[in-house]
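Student: I'd like a close look at just one part of this model: its inside, and how the strands around it are put together. Keep it connected, please, and spell out the cut-offs as you go.

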Amino acid sequence: MQITVFGPLRSAAGGKTADVAPSGETVRDLLDAFVERYPNAETHLCDDEGDVRPSVRVVIGDRPVSLDDAVPDGETVKLFPAMRGG
């Protein structure tokens, strides 16, 4: 599955898009597969306990989704890292 990534995730993934093969069908599975393939992205997506940071955004098609939502085949997926600062 191809994901369009933004911000510092582009550096971690080596470009604007990243290919991952999640083991499950949810957004959480997709993020787990992304971090496994691109470990430098972990600090941008996860906190010290390994939980997804609250400001991480995943958009499928044109709508924001939650971690437990399914990722339909063939949909456009965009991944935005956690925002820092004020």
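Tutor: A nonpolar core here is a set of buried Ala, Val, Leu, Ile, Met, Phe, Trp, Tyr and Cys residues joined through side-chain atoms within 4.5 Å. Buried means under 20% relative accessible area, exposed means over 50%, and partly exposed covers what falls in between, with a 1.4 Å probe and protein chains only. Keep in mind that this is a predicted model, where local features need pLDDT of at least 70, side-chain atom pairs count only at pLDDT 80 or more, and totals for chains, interfaces and linings use all residues. Residues are numbered from 1 along each chain as its sequence is written, and side-chain values use heavy atoms, leaving out hydrogens and water.

Now for the core itself. The largest one has 25 residues, and the members touching the most others are Ile3, Val5, Phe34, Leu45, Val58 and Leu79. At least two residues each come from E1, helix H1 (9-13), helix H2 (27-37), strand E3 (57-60) and E5. H2 gives the largest share, 6 residues. Those labels are DSSP runs numbered from the N terminus: helices are H or I over at least four residues, strands E over at least two.

Ile3 is a good place to zoom in. Ignoring neighbours within four places in sequence, Ile3 has contacts (heavy atoms within 4.5 Å) with Lys16, Thr17, Ala18, Val20, Leu30, Phe34, Val77, Lys78 and Leu79. Three of those names, Val77, Lys78 and Leu79, take us to E5. The covered face of E5 carries Val77 and Leu79, while Lys78 and Phe80 are on its uncovered face.

How does E5 (77-80) sit against E1 (2-5)? The two run parallel and pair over 3 bridges; pairing requires that DSSP find at least two bridges between the strands. Within that pair, Val5 has Leu79 as its bridge partner, and Thr4 is opposite Lys78. With E3, E5 pairs the other way, antiparallel, over 4 bridges, and there Phe80 faces Arg57.

Put together, the 5 strands make an open, mixed sheet in the order E2-E1-E5-E3-E4. E2 (17-19) and E4 (63-65) are the edge strands, each with a single partner, so one side of each has no neighbour in the sheet. From one strand to the next, the twist averages 35°, using lines fitted to C-alpha atoms (for helices, over the stretch in contact) and angles from 0 to 180 degrees between N-to-C directions.

The E4 edge deserves a closer look. E3 and E4 are antiparallel and joined by 3 bridges, forming a hairpin with 2 residues in between, where Gly61 in the turn has a positive phi of about 65°. Val59 has Pro64 as its bridge partner in E4. Pro64 is exposed, at 61% relative accessible area, and beyond four places in sequence it touches Val58 and Val59. Also in E4 is Val65, which counts as buried at 15%. Outside the same four-place window, Val65 touches Val27, Val58 and Ile60. Going from this edge strand towards Ala18, Val65 is 47 residues away along the chain, with 19 Å between the C-alpha atoms.

Step back and the chain has 3 helices and 5 strands, in the sequence pattern β-α-β-α-α-β-β-β. Its radius of gyration is 12 Å, close to the 12 Å from the globule rule for 86 residues, so it is as compact as a globular protein of that length; the radius is taken over C-alpha atoms, and the rule is 2.2 Å times the number of residues to the power 0.38. Buried residues make up 34% of the 86. Of the contacts between residues at least 6 apart in sequence, 49% link residues at least 24 apart.
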